[in-house]
Structures are given as C-alpha cells and as structure tokens.
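Student: Got a minute to go through this one with me? I'd like to start with the core.

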Amino acid sequence: MTKVLVIDDEGQIRRFLRAGFELHGFVVLEAENAAAGLKAATFNKPDLIILDLNLPNIEGSEVLERIRSWSNVPIIV
C-alpha cells in the first residue's frame, strides 16, 4: 500500500488529510512536529510527504533540506 506522511502541527489539518487519503486507500502516517516527522520519514519510508512549512520546533524548509539530503521522495509543501 502507498504510504503518505503528513507533517503538520495542526491536528485538524492532519485529520482532514488522513480522511481524504484513507478514502482512496492510502496508509497515512502523522507527525505533529519536525522531529517526529524526520523520524517517521526515516523509519517508515513513505511514498509521499505532505509538509507544513510553519512548524513550531524546526522550520519546514529545514525539514525539507534534511530529507532531501538522503531521499528523493515526493514532498508537497
């Protein structure tokens, strides 16, 4: 199954995206901050990442840069 990782600090947005993706048969992983998102991206190898740029602990652009240093997974910002 195709895995989608949603990295966003807003629970309501994560729930909305989860509902839409699961409706179409995707497995959805959620991360509420940058650290959790980086960990999930590393250990779960998602097929797509949805990334919020305004995260509380590390800017989304930094997360994007870190993931790009080792992966070519598609990322929607």
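Student: So how many residues are in the largest nonpolar core?

Tutor: In this predicted model, that core has 15 residues. Those with the most contacts inside it are Leu5, Ile7, Ile49, Leu51, Val63 and Ile67.

Student: Which elements supply at least two residues each?

Tutor: β1, α2 (34-44), β3 and α3 (60-68). The largest share is four residues, and α2 provides it.

Student: What is Leu5 in contact with, leaving aside its neighbours within four places in sequence?

Tutor: Ten names would be a mouthful, so here are some. Leu5 is in contact with Leu29, Ala31, Ala40, Ala41 and Ile49, among others. Glu30 and Pro46 are also on the list.

Student: And which residues does the second core include?

Tutor: Val4, Val6, Phe21 and Leu48 are among its six residues. That core is separate.

Student: Switching to α1. Which of its residues are buried?

Tutor: Gly11, Arg14 and Phe21. Seen down the axis of α1, they fall within an arc of 95°, so they line one face of the helix.

Student: What do they pack against?

Tutor: Three strands: β1 (3-7), β2 (27-31) and β3 (48-51).

Student: And which residues are exposed on the other side?

Tutor: Gln12, Arg15, Phe16 and Leu23.

Student: How far does α1 reach, first C-alpha to last?

Tutor: 18 Å, over 13 residues, 11-23. That is close to the 18 Å expected at 1.5 Å a residue.

Student: What follows α1?

Tutor: Gly25, with a positive phi near 90°.

Technical notes. Residues numbered from 1 in each chain as written. Predicted model: local features only at pLDDT ≥ 70, side-chain atom pairs only at ≥ 80, totals over all residues. Heavy atoms only, no water. Expected span 1.5 Å × (residues − 1). Buried < 20%, exposed > 50% of the residue type's maximum accessible area, 1.4 Å probe, protein only. Arc of directions from axis to C-beta. Contact = heavy atoms within 4.5 Å. Core = buried A, V, L, I, M, F, W, Y, C linked by side-chain atoms within 4.5 Å.
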